[in-house]
Amino acid sequence: MTDALAKNHADAATAFDVDSIRRDFPAMQLKVYGKPLAYLDNAATSQKPESVIEAEAHWYRESCANVHRGVHALSVKATAAYESARQKLAGFINAANTREIVFVRGTTDAINLVAGSFARNRLDPGDEIVISGLEHHSNIVPWQLLCEERGAKLRVARLDDRGDVDMDEYARLLSERTRMVALSHISNALGTINPIERMIELAHERDIPVLVDGAQAAPHKKIDVQALGCEFYAFSSHKMFGPTGVGALYGRLDLLSEMPPYQGGGEMIRTVSFDKTEYAEPPARFEAGTPNIAGAVGFGAAVDYLLKVGLDRIEAYEDELLAYATERLLKVPDLRLIGTARRKAAVLSFVVGDVHAHDVGTILDQEGVAIRTGHHCAQPVMERYGVPATSRASLAFYNTREEVDRLVAGLGRIREVFGG
Amino acid sequence: MSDLMDLYQEVILDHNKQPRNFGPLPDADHQAEGYNPLCGDQLKVYLKLAGDVIEDVHFDGSGCAISKASASLMTEAVKGKTLAEAEELFGGFHDLLTGDPSVRAEAPAKLGKLAVFEGVREFPVRVKCATLAWHTLQAALAGDSEQVTTE
Ligand SMILES: Cc1ncc(COP(=O)(O)O)c(C=O)c1O
């Protein structure tokens, strides 16, 4: 970071009015066991601002009808709301064309779509798919299933001790047998921000298409799919302060246009007869059945909210909070941070002495501090560090230094209970 | 805080720190592996039977304080018991954790040391930690070679 950039960052962080942000989120007023909730489990899912809750409720109250089906006024209104959400999402990630946004159930669904409809047809026995050692189970298992089915091989670029992907090994794994690369932009278990631009570049030097799992990046960073140049980008609404049950797959239009349907049903066809069915153009081709219309509308409202707050300001504030939390946690006796990558998002995975993460979670919970404990759907990452589980605090822009202090104070209680 | 102290009783902390009957049992004739996918607890229970009496029982693996202490106290509780008695103990233990409080009024007496887990009642997400060892014991007795999980 240049000095000027660093200064901009710092200015943006100080200008950030977190109290006013917190008033936008009803969950920030919640209490557990009589104590204010400190919600530090944002990598699992995020809380929703009033504007998102209201957008969804409003759609149910005043625009509820099926989409693309009716001539009646309400259906037209519903369709307009749904398609307007698609447009917002396209703008949000700077897609060249709105039709490059496919509404799906979430990141998992998006990855399965690409595995089943795109990669499957390019995979012969002996071919390879490359992923990294950082991946969430949802960016491992679909590829494993596919490799099994096609007699292909899954190759995994290892992590170094800090939690960065070994780039030399990654480059070495890319070969003339590689048909697909699938990488997370940001790791949910460790917070590592992958050098995704470089990783995409290396794959493209060999004409290998790349899917980026953006589940953890989209809520925290400005995403520009054209600048990244990736073929696919997958993300979930619920991690972006939007509703559950909806997400988006960005796919380059020329590729989507060549891909066969993922599921069959209504919406995804042009004409159906018992002899032959003609498929609709993307994105409809990949949206069989009645979609999560209210969810998509809420997703659009979440994007509006993020843009209003400003991704640059969010990133600067979270960077500053991460630095503070890291410093505080490192002073906790016997605490070992797992994941100290060069570039990190606001995720802090740790173990405390020989106290199991589950016990840490229970003790913090009693203090009203909500964190995640376990393997974070990334068992290979846990194995890499030789721990069965970690405790993980993951921060968002509505979190505060005071909540970090409460986390640290809660960790102090571990000694009271367990001694040592 | 009082709830926390109810959960993490002295006896539980002691068995967590110094688990009894810990480690494999070389001449075991039954064994099974238990797994709690929620938190990654993983333990193995080894048994040696003489007729229908549990002559020896060991466990090993990794897990939270509740699951480890529960496994340790279980091995002490069932050693020397008949299979029927062990089964009955588990029934009582299960009721202690999840049952209707009025029905299990006299149960803790029969359970002996196992009664220290009563505090787990107040932490429903932790019940599975406390019962993992017992489910694994059942699986070992049933001769299931497959891993049991709490899900
Ligand atoms: C990095 C990463 N990828 C994929 C997923 C899966 O997302 P979803 O459960 O919304 O499909 C998650 C969420 O847990 C994640 O953190």
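**Exercise 1. The ligand shell**

Which of the 15 residues around the ligand come nearest? Determine also how the shell divides by class.

*Solution.* The model under study is a predicted one. Step one is to identify the residues that come nearest to the ligand: Gly106(A), Thr108(A), His136(A), Asn188(A) and Ser236(A). Step two is to sort the shell by class, which gives 11 polar, three nonpolar and one charged residues.

**Exercise 2. The open sheet of chain A**

Establish the strand order of the seven-stranded open sheet in chain A, and explain the position of its edge strands.

*Solution.* First, follow the pairing from strand to strand: the order in chain A is β4-β10-β9-β8-β7-β5-β6, and the pairing is mixed. Next, consider the two edges. β4 (101–104) and β6 (153–157) of chain A each have a single partner strand, so one side of each is left without a neighbour in the sheet. Neighbouring strands of this sheet are, on average, turned by 20° against each other, direction ignored.

Then examine one pair within the sheet. Strands β7 (residues 178–184) and β8 (residues 210–213) of chain A run parallel and are joined by four bridges. In β8(A), Asp213(A) is the bridge partner of Ser184(A).

Finally, place the helix. α6 (residues 141–150) of chain A lies across β5 (128–132), β6 and β7 of chain A, and runs at about 145° to β6(A).

**Exercise 3. The surroundings of Tyr398(A)**

Is Tyr398(A) buried or exposed? Locate this residue and list its contacts.

*Solution.* Begin with the location: Tyr398(A) is in the loop that lies between β17 (390–394) and α15 (401–418) of chain A. Then count neighbours. There are 24 C-beta neighbours inside 10 Å, and the threshold for burial is 20 or more, so Tyr398(A) counts as buried. Setting aside neighbours within four places in sequence, the contacts of Tyr398(A) are Val18(A), Ile21(A), Arg22(A), Phe25(A) and Met28(A). Met240(A), 158 residues from Tyr398(A) in sequence, is 12 Å away in space, C-alpha to C-alpha.

**Exercise 4. Chain A as a whole, and its partner**

Assess the compactness of chain A and describe its contact with chain B.

*Solution.* Start from the secondary structure of chain A, which comes to 15 helices and 17 strands. The radius of gyration of chain A is 22 Å, close to the 22 Å given by the globule rule for 420 residues; chain A is therefore as compact as a globular protein of that length. Buried residues account for 50% of the 420 residues in chain A.

Turning to the contact, 14 residues come from chain A and 15 residues from chain B. On the chain B side, these divide into nine nonpolar, four polar and two charged residues.

Methods:
Residues numbered from 1 in each chain as written. Chains lettered and ligands numbered in written order. Predicted model: local features only at pLDDT ≥ 70, side-chain atom pairs only at ≥ 80, totals over all residues. Near = placed C-beta within 6 Å. Nonpolar A, V, L, I, M, F, W, Y, C, P; charged D, E, K, R; others polar. Pairing = 2+ DSSP bridges. Axes fitted to C-alpha atoms, helices over the stretch in contact; angles between N-to-C directions. Contact = placed C-beta atoms within 7 Å. Buried ≥ 20, exposed ≤ 12 C-beta atoms within 10 Å, placed from the backbone. Rg over C-alpha atoms; globule rule 2.2 N^0.38 Å.
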